[in-house]
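Dear colleague,

I am handing over a structure to you, and beneath it I have written down what was found in it. Please keep it open while you read, so that you can look up each place as it is named.

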Amino acid sequence: NGGSLTGSQNSAYSVSTVVGGSTNQTLGSFKLFAYGEDAKVSQLSINVAAASTLAPTTTKLNNVTVYVNGAAVTSGVQATLGTPFTANLGSNLIVPAGGSAIVEVRGDLINEDNANVTSGSIQVSLVAVTNGAQGVSSYNLFNTPAVTGQTLSISSGNVSYGATSGFTAANIAKNQSGVKVASFSLQAGSAEAVNVTNIAII
């Protein structure tokens, strides 16, 4: 009997929000498992889709690239949303029998007009490829698995602020130094850390 190949989402990739306009962003992460013998995966079919409406209007994403165990194995392509494309891997993805390999799909959240995609959600999935894999020992051909990817919300960095809880108004005697006259708390949104470089005091 020849080998077989299965796949799943990579549970170690637990991101749910990605930053609009970011480059080389992981958009999907998958784990492939081989059984019976080592499996050489020569082709993967990848579907980059909008899970909800993207803004600005977007039909393509730039620089979509396949990584295997952390290393790029394809050149970046401009992927048309909702239309699967084939990634030819050569001998760059061999899944060991009884083991696994991590496949990531990365890309720029920048559209065909070179505008940053700032809102909406994206989903990258693997589409089954007939005879897209081959047993290293038996040379039998078999299919690559279909795996539905994570849905990722696209957000942009933001900061909110307000008066610090517990700091209340008080009467202060004049001609004192080092008196705290105000206190504010800043909070970054969940999408990314924010570096605050300027604060205006009025």
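**What was found**

S45 is buried, with a relative accessible area of 9%, where buried stands for under 20% relative accessible area, exposed for over 50% and partly exposed for what lies in between, computed with a 1.4 Å probe on protein chains only. Please bear in mind that this is a predicted model, in which local features need pLDDT of at least 70 and side-chain atom pairs count only at pLDDT 80 or more, while totals for chains, interfaces and linings use all residues. Residues are numbered from 1 along each chain as its sequence is written, and side-chain values use heavy atoms, with hydrogens and water left out.

S45 is found in strand β5; strands (E, at least two residues) are DSSP runs, numbered from the N terminus. Leaving aside residues up to four places away in sequence, S45 touches P84, F85, T86, S125, L126, V127 and V129, a contact being heavy atoms within 4.5 Å. With the same kind of residues left aside, I46 touches V66, T83, P84, F85, A87, V105, V124, S125 and L126.

I46 also belongs to the largest nonpolar core, which has 38 residues and in which L5, I46, V48, L61, L93 and I122 have the most contacts. Such a core is a set of buried Ala, Val, Leu, Ile, Met, Phe, Trp, Tyr and Cys residues joined through side-chain atoms within 4.5 Å. Among the strands that each supply at least two residues of this core are β5 (43-55), β6 (60-68) and β11 (100-111).

There is an open sheet of 5 strands in the order β2-β15-β12-β5-β9, with mixed pairing, two strands being paired if DSSP finds at least two bridges between them. At the edges stand β2 (17-19) and β9 (85-88), each with a single partner strand, so one side of each is left without a neighbour in the sheet. Within this sheet, β12 (residues 119-127) and β15 (residues 151-155) pair in the antiparallel sense over 4 bridges, and I122 stands opposite L152 in β15.

What does β6 pair with, and how much of β6 is covered? β6 is mostly covered, since 7 of its 9 residues are buried. β6 runs antiparallel to β11, to which 6 bridges join it, with N62 opposite D108 in β11. Another antiparallel pairing, over 3 bridges, links β6 with β8 (residues 77-80), where V64 stands opposite V77. Finally, β6 is joined to the antiparallel strand β7 (residues 71-72) by 2 bridges, and these two strands form a hairpin with 2 residues between them, in whose turn N69 has a positive phi of about 50°.

Some backbone angles also deserve a look, because most residues other than glycine have a negative phi, and most peptide bonds are trans. N24, which is not a glycine, has a positive phi of about 50°; N24 lies in the loop between β2 and β3 and is partly exposed, with a relative accessible area of 36%. Y139 has a positive phi near 65°, lies in the loop between β13 (133-135) and β14 (141-142), and is exposed, with a relative accessible area of 58%. A cis peptide bond, with omega about -5°, joins A55 and P56, and P56 is placed in the loop between β5 and β6.

With best wishes
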